[in-house]
Amino acid sequence: MKEKQHYKYTTLSFVLINIWTLYVFFDYFVTRHKIFSETGLFIFFVKSLFFCIVLGVTLILLRLFYFKKKRKDKLRANFFYIFAGVFNLYVFIIWLICLFLKLLPADTPLAFYMLGNLTIALFIGFDIYYKNKYSVINGNHTSI
């Protein structure tokens, strides 16, 4: 993987997600929808949730089955892979904040999907940012 390429993509992901958040925020207040109406903020959040899950699962399956050992860095350094991890984490954090503010009940069926968001975000995050440290012992590479 190119050195520090993933930091650039992570920053770009945060910028795009913030633009998405601002659009939803201002669209919600300009159109005066109710939170739980057919076209309200909650429905948009649920649609975003399912988009995140589908994108994340698709990219993880590609990572596990298509991009194995030879081409593993091609997907790890891809913008969409990093974006999927950041966006899944972002949606999970929004849900957690809504739970703490008691805007959503904790016993909704969304809890199962939110744990899926967290799992996807953790998998992609560890896959991108966790690096094995190697030491050379007598010319052989061994993992520490």
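The following dialogue asks why certain terms are applied to this predicted model.

Biologist: What should be known about the model and its numbering?

Modeller: The model is predicted, so local features need pLDDT of at least 70, side-chain atom pairs count only at pLDDT 80 or more, and totals for chains, interfaces and linings use all residues. Residues are numbered from 1 along each chain as its sequence is written, and side-chain values use heavy atoms, with hydrogens and water left out.

Biologist: How many helices and strands are there in the protein chain, and what makes a run of residues count as one?

Modeller: Helices are DSSP runs of H or I with at least four residues, strands are runs of E with at least two, and both are numbered from the N terminus. The protein chain has 5 helices and 2 strands, in the order α-α-α-α-α-β-β along the sequence.

Biologist: Which residues does the annotation "transmembrane region" cover?

Modeller: In the unreviewed UniProt entry, that annotation covers residues 12-30, 42-67, 79-104 and 110-130. UniProt positions are given in the numbering used here, feature names are shortened, and annotations may be inferred rather than shown by experiment. In the model, residues 79-104 are 85% helix and 0% strand, with end C-alpha atoms 32 Å apart. Residues 110-130 are 95% helix and 0% strand, and their end C-alpha atoms lie 29 Å apart.

Biologist: Why is Ser48 called buried or exposed?

Modeller: Buried means under 20% relative accessible area, exposed means over 50%, and partly exposed lies in between, with a 1.4 Å probe and protein chains only. Ser48 has a relative accessible area of 7%, and therefore counts as buried. Ser48 belongs to helix 2. Contact means heavy atoms within 4.5 Å; leaving aside neighbours within four places in sequence, Ser48 is in contact with Trp20 and Phe87.

Biologist: How do you know whether Val86 is buried or exposed?

Modeller: The relative accessible area of Val86 is 13%, so Val86 is buried. This residue of helix 4 contacts Thr10, Ser13, Phe14 and Ile17, apart from neighbours within four places in sequence. Val86 and Leu122 are 36 residues apart in sequence, and their C-alpha atoms are 9.5 Å apart in space.

Biologist: What makes Leu99 partly exposed?

Modeller: Leu99 has 21% relative accessibility and therefore counts as partly exposed. Leu99 lies in helix 4, residues 79-100, and touches Leu104, Pro105 and Ala106 when neighbours within four places in sequence are left aside.

Biologist: Which class applies to Leu41, and why?

Modeller: Leu41 is partly exposed because its relative accessible area is 29%. Leu41 is placed in helix 2; Leu41 and Phe25 are 16 residues apart in sequence and 8.5 Å apart in space, C-alpha to C-alpha. For the protein chain of 144 residues, 34% count as buried.

Biologist: Why are helix 2 and helix 4 called oblique to each other?

Modeller: Axes are lines fitted to C-alpha atoms, for helices over the stretch in contact, and angles run from 0 to 180 degrees between N-to-C directions. Angles under 35 degrees count as roughly parallel, over 145 as roughly antiparallel, 65 to 115 as roughly perpendicular and the rest as oblique. Helix 2, residues 41-66, packs against helix 4 at about 140°, with the axes 9 Å apart. The two helices are therefore oblique.

Biologist: What handedness does the crossing of helix 2 and helix 4 have?

Modeller: A crossing is left-handed if the near helix is turned anticlockwise from the far one by less than a right angle, and right-handed if clockwise. The crossing of helix 2 and helix 4 is left-handed.

Biologist: How do you know which term fits helix 4 and helix 5?

Modeller: Helix 5 comprises residues 110-129, and its angle with helix 4 is about 140°, the axes being 8 Å apart. Helix 4 and helix 5 are therefore oblique to each other. Their crossing is left-handed.

Biologist: What makes helix 2 oblique to helix 5?

Modeller: Helix 2 and helix 5 pack at about 40°, and their axes are 10 Å apart. That angle makes helix 2 oblique to helix 5. The crossing of this pair is left-handed.
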